[in-house]
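Subject: Structure for your files

Dear colleague,

Here is the structure, with its sequence. My notes on a sheet and a cavity follow below it.

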Amino acid sequence: MDFEGLRMEYRKTIKTKQPVVSIIVPAFNVEKYVEKCINSLTGQTLKEIEIIIVNDGSTDGTGDIIKRLAINDKRIKIIEQENKLQGAARNAGTNISRGEYIGFVDADDWVDADYYEKLYATAKKYNSDIALACYTRIGNGKTKKRLNINKEIFVTALQEKLDVCSQAKNPCPTNKIYKREMLVKNNIEWEEGVYCEDKIFTLKAVYYANGVVTVPEINYYYYRNPCSTVNTKEKKRLKKIKADKEKAKKNVLEFLREHNAQIREGDFNAIKKKIFFLGIPIITVTESIQTEKVFFLGIPVLEKPAGMKYDYKRKRIKILGIKITYKSREWLSNAEIDNKNKNRTNLSHKVPVNGKSILFIATHFVKAGGIETRLLQYIQGMKAQDEWNIYLLSEFNENESLLKETNFYLNFDAKNFQQCLEEIIERYHIDFIEFQFKNSSILKKLDIEELKSKAKTGCVIHNRGVRNINQINRLDYTVIVSNNLYQNYYRQITNAAVVANSIDFRTIPVCKKWHYQGQKTALLVSRINTDKLESIKCFIKYCKSKNIDFIIAGDEQPVKKLKLKLIKEFHLEDNIFIGEIDTLKYLAENMDNILFVGGLGLVILESACLGIPAFCCSKYKGKNYSFVTKDNVMLFDNFTIRTKLIISKKRKKEYNLDLNNIDKYDVQKQIREERNFINSLYRWQQILFLGVDEVKNR
């Protein structure tokens with residue numbers, strides 16, 4: 001075969017080779033920028049790509065430039081069409097693309113040389129439908145990181161996917177690759193003939209994706225082109241851009257409502273209506289997923305449920321900041337429908353013939369915490385006996401595990417709490433009402449004697465700070481989960497039974513024994529909330545005083561920006577915050593790297609059960625912090641460590657980690673001997689069936 005034949009055969013091979021990533025580039029009048037963009041794509045370290053350039057009716061030299069570039073690289077395909085805006089151009093490119101993943105690049109932007117190689121490799125590593133990169137804006141002599149990614153994480157929960165993509169603030173479609181199969185399966189296409197088409201496209205993609213994986217150290221560079229279609233001074237086009245932007249926001253809200261998306265309220269907003277007088281907006285109505293707000297000259301005057309479709313809890317409005325709440329007659333029926341729509345009603349739980357129904361009540365449940373963990377273990381043990389119907393009632397709940405384990409989940413409104421409870425007791429034939437106390441203020445709103453006439457009523461106290469002792473003494477039973485709590489705070493409770501805390505060792509992962517190997521990194525596991533702030537500072541101060549590297553795991557309290565405050569106060573790097581983790585799994589996998597684990601709650605016993613030294617955070621200068629060792633572990637029988645640690649004077653306080661005598665920190669055996677989940681659960685249920693006095697006398 002002659003040289004020309006060999007060349008033709010090679011071209012045929014290149015032409016038929018299946019790309020793994022298809023890159024779609026809409027191009028309209030970008031002759032100054034398009035060559036730099038395409039060169040950043042043809043120079044990718046990932047060679048198995050195709051580059052589809054859609055010439056969207058350009059009237060300058062754009063068409064000639066892309067044709068010249070296509071001659072030198074057969075991976076480039078060109079589509080010619082009349083000007084239909086970016087949505088139509090991206091659809092046209094997607095329709096002929098062949099890659100396993102699809103990426104989008106604007107013709108005046110560019111990417112790092114290893115951009116698609118790292119995105120693709122990481123997406124395949126996690127089998128993720130979306131891989132996400134950093135996003136940097138360049139223009140007007142400034143460079144700004146719009147989305148900064150410091151670590152590789154894979155998230156699957158909807159709120160986490162939205163957060164890592166910065167979907168509420170910056171719904172960028174171009175710093176990602178999307179699995180083709182996911183887009184096709186869910187009919188996700190670009191809206192055509194409009195501006196701001198990226199908002200609903202990216203939201204749908206993130207919603208339906210099996211997960212999003214973040215890829216650090218690679219950048220998508222967005223050039224703020226002064227001549228782009230959205231940076232125009234033409235009044236007619238500006239008007240359309242503004243209208244399309246508001247329409248896109250409304251489309252997002254409509255989609256989220258239709259799919260009953262359980263996400264943070266207030267992240268997504270749209271202007272519903274504006275009333276002008278002499279060109280000045282007098283009245284503005286804005287809406288979020290659940291709420292509508294009315295502003296008069298920028299001052300909020302009314303807040304009500306969105307679309308007048310009141311949520312099932314209660315009809316409530318707010319006038320000039322004053323809450324007005326009144327009961328909806330159909331609230332319980334609507335609640336049942338709402339639970340079913342959100343898959344929160346588990347109808348497969350059959351009512352046992354001789355079984356009991358119990359209603360657990362708390363003001364709120366967080367994603368992870370000692371109270372939530374204890375209650376979850378308690379519920380799982382009760383379900384295993386096949387004797388219980390279990391219901392959950394709270395003002396709000398962020399703990400998905402508790403929702404899955406209960407027959408029914410319902411919000412209550414404290415202003416109508418008594419009537420709310422009576423209706424639930426009657427509808428579901430409740431035998432036991434059990435308050436899981438974080439605080440007991442809701443008892444003030446209840447007629448205890450009336451409730452006791454309908455069901456056996458009790459409470460579980462998990463920490464200090466529970467007041468209304470006189471009201472608690474009127475209940476049928478009270479369980480206190482720590483002897484220290486009882487002895488130091490609740491001796492005046494007359495009908496208390498004390499159940500020592502426990503860990504369910506069926507959940508402890510199998511892993512090698514921790515031993516000191518020169519580790520220098522400490523780990524703090526804590527929700528980054530206002531009430532945890534002083535303890536977090538205690539941990540940071542201790543580590544800095546000992547020159548110990550550290551990282552902090554846990555989700556952040558919304559809107560408080562506590563991470564930013566800590567970063568500024570202690571001059572920290574962003575990457576010390578590693579987000580929410582599965583504590584036991586993380587500890588088991590990273591045992592060789594962790595010097596000690598800091599915390600305030602369940603993590604103390606979890607790390608101790610793995611043999612890792614546990615640092616109990618409290619005051620720093622007053623030295624009320626302590627390390628859990630085999631000598632003092634029995635003093636920590638409550639998951640929540642109090643501000644002032646109760647340590648016997650006869651026992652030595654362990655305020656410093658003794659690296660020369662590290663074996664004494666192996667507390668796993670003693671914890672196992674003293675903490676027995678099954679026995680604690682059995683005792684707890686004896687209280688329910690037999691009563692406090694009967695159990696106390698055994």
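In this predicted model, an open sheet is built from 6 strands in the order β26-β25-β24-β27-β28-β29, with mixed pairing. The edge positions belong to β26 (577–579) and β29 (626–628); each has a single partner strand, so one side of each is left without a neighbour in the sheet. On average, neighbouring strands of this sheet are turned by 30° against each other, direction ignored.

At the β29 edge, the partner is β28 (residues 614–616), and the two strands pair in the antiparallel sense over 3 bridges. Within this pairing, A614 stands opposite V628 in β29.

Helix α17 (residues 533–545) packs on the sheet. The strands that α17 touches are β24 (521–525), β25 (549–553), β27 (594–599), β28 and β29. The direction of α17 makes about 165° with that of β25.

The other topic is enclosed space. Searching the whole structure gives 4 cavities of 30 Å³ or more. The second largest cavity holds about 40 Å³ of space. Its lining consists of E191, V194, Y195, C196, E197, I200, D244, K247, A248 and N251. Which helix gives the largest share of that lining? Helix α9 (residues 235–258) does, with 4 residues. By class, the lining of the second largest cavity has 5 nonpolar, 4 charged and 1 polar residues.

Regards

Technical notes: Residues numbered from 1 in each chain as written. Predicted model: local features only at pLDDT ≥ 70, side-chain atom pairs only at ≥ 80, totals over all residues. Heavy atoms only, no water. Pairing = 2+ DSSP bridges. Axes fitted to C-alpha atoms, helices over the stretch in contact; angles between N-to-C directions. Contact = heavy atoms within 4.5 Å. 1 Å grid on protein atoms, 1.4 Å probe; cavity = no way out; pocket = protein on both sides within 12 Å on 5 of 7 lines; lining within 4 Å. Points joined across faces, edges and corners; volume = space filled by probe spheres on them. Nonpolar A, V, L, I, M, F, W, Y, C, P; charged D, E, K, R; others polar.
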